[in-house]
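Student: I've got a chain up on my screen and I'd like to talk it through with you. Can we take it bit by bit?

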Amino acid sequence: MNNSEVRNAYLDSNSILGFGSVVKEGSYVGESLLMNDVEVGQSSYLRNVIVGDGSKIGKWNHIRESTILGEEVITGDGVLLNKGTIILPYKEVSDPVYKERRIIL
């Protein structure tokens with residue numbers, strides 16, 4: 001896992017965790033690619049997603065299938081990102097995205 005850390009969380013065997021990434025307590029990461037220095041907050045759920053370098057996922061997030069987060073994206077606590085959401089690099093998202101296949105510029 002290259003100096004990454006999983007703290008009382010579940011990382012399934014089809015996921016890749018980049019160097020220096022952290023998945024905190026109670027979180028689930030399934031069939032996903034987390035690049036380097038990604039932080040996943042407590043009790044978050046990520047399935048079939050790609051998360052770019054340096055991104056920070058807040059607590060209690062639900063990030064659904066086919067979602068892509070660019071580099072250094074920050075999500076607030078309790079954020080839902082529905083299927084197929086794409087967030088360009090260096091954005092901060094604090095509100096849920098209910099509509100599928102939305103692009104955040």
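What follows is a run of questions and answers on this predicted model.

Student: Let's start broad. How many helices and how many strands does the protein chain have?
Tutor: Remember this is a predicted model, so everything here is computed from it. On the secondary structure, the tally for the protein chain is 0 helices and 17 strands.

Student: What radius of gyration does the protein chain have, and how does that sit with a compact globule?
Tutor: The C-alpha atoms fill a box of roughly 35 × 20 × 20 Å along the principal axes. For 105 residues, a compact globule would come out near 13 Å. The chain agrees with that, at 12 Å.

Student: What share of the contacts with a separation of 6 or more comes from residues 24 or more positions apart?
Tutor: Take Asn82 and Arg7, which are 75 residues apart along the chain: their C-alpha atoms are separated by 25 Å. Over the protein chain, the share of such contacts coming from residues 24 or more positions apart is 0%.

Student: How much of the area that the protein chain exposes is supplied by carbon and sulfur atoms?
Tutor: Of the 105 residues, 38% count as buried. The chain exposes about 5,700 Å². The part of that area supplied by carbon and sulfur atoms is 47%.

Student: And the charges: how far apart do the centres of the positive and negative sets lie?
Tutor: There are 11 positive side chains and 14 negative ones. Take the centre of each set, and the two lie apart by 7 Å.

Student: Now some residues. Is Ser55 buried or exposed?
Tutor: Ser55 is in the loop between strand 9 (50-51) and strand 10 (56-57). Leaving aside neighbours within four places in sequence, Ser55 is in contact with residues including Asp37, Val38 and Glu39, as well as Gly70 and Glu71. Its relative accessibility is 0%, and the cut-off is under 20%, so Ser55 counts as buried.

Student: Which backbone nitrogen does the side chain of Ser55 reach?
Tutor: There's a backbone oxygen in the picture too: that of Gly52 lies 3.1 Å from a polar atom of the Ser55 side chain. As for the nitrogen, the side chain reaches it at 3.1 Å, and it belongs to Val73.

Student: Which backbone oxygen does the side chain of Thr67 reach?
Tutor: Thr67 lies in the loop between strand 11 and strand 12. With a relative accessible area of 1%, Thr67 is buried. Its side chain reaches a backbone oxygen at 2.9 Å, and the residue that oxygen belongs to is Arg64.

Student: Asn82 is in a loop as well, between strand 14 (80-81) and strand 15 (86-87). Is Asn82 buried or exposed?
Tutor: Not counting residues up to four places away in sequence, Asn82 touches Arg64 and Thr67, along with Val97, Tyr98, Lys99 and Glu100. Thr67's own contacts, counted that way, include Leu81, Asn82 and Lys83. At 10% relative accessibility, Asn82 counts as buried.

Student: What is the phi of Ser66 near, and why does it catch the eye?
Tutor: Most residues other than glycine have a negative phi. Ser66 sits in the loop between strand 11 (62-63) and strand 12 (68-69), and is partly exposed at 46%. Although Ser66 is not a glycine, its phi is positive, at about 65°.

Student: What about Ser43, what is its phi near?
Tutor: Ser43 is found in the loop between strand 7 (39-40) and strand 8 (45-47). At 37% relative accessibility, Ser43 counts as partly exposed. Its phi is also a positive value in a residue other than glycine, near 55°.

Student: Is Trp60 buried or exposed?
Tutor: Trp60 is in the loop between strand 10 and strand 11. Among the residues Trp60 touches, beyond those up to four places away in sequence, are Ser43, Ser44 and Asp77. Its relative accessible area is 52%, and the cut-off is over 50%, so Trp60 is exposed.

Student: Last one. How far apart in space are Leu11 and Val23, C-alpha to C-alpha?
Tutor: Leu11 is in strand 2 (residues 10-11) and counts as partly exposed at 23% relative accessibility. Leu11 and Val23 are 12 residues apart in sequence, and in space their C-alpha atoms are apart by 8.3 Å.

Key
Residues are numbered from 1 along each chain as its sequence is written. This is a predicted model: local features need pLDDT of at least 70, side-chain atom pairs count only at pLDDT 80 or more; totals for chains, interfaces and linings use all residues. Side-chain values use heavy atoms; hydrogens and water are left out. Helices (H or I, at least four residues) and strands (E, at least two) are DSSP runs, numbered from the N terminus. Buried means under 20% relative accessible area, exposed over 50%, partly exposed in between (1.4 Å probe, protein chains only). A polar contact is a pair of N or O atoms within 3.5 Å; within protein, one must be able to donate a hydrogen and the other to accept it, and residues adjacent in sequence count only if both atoms are side-chain atoms. Contact means heavy atoms within 4.5 Å. The radius of gyration is taken over C-alpha atoms; the globule rule is 2.2 Å times the number of residues to the power 0.38. Accessible areas come from the Shrake-Rupley method with a 1.4 Å probe; for residues, only the protein chains shown count as cover. Lys and Arg count as positive and Asp and Glu as negative; His and the chain ends are not counted. The place of a charge is taken as NZ of Lys, CZ of Arg, CG of Asp or CD of Glu.
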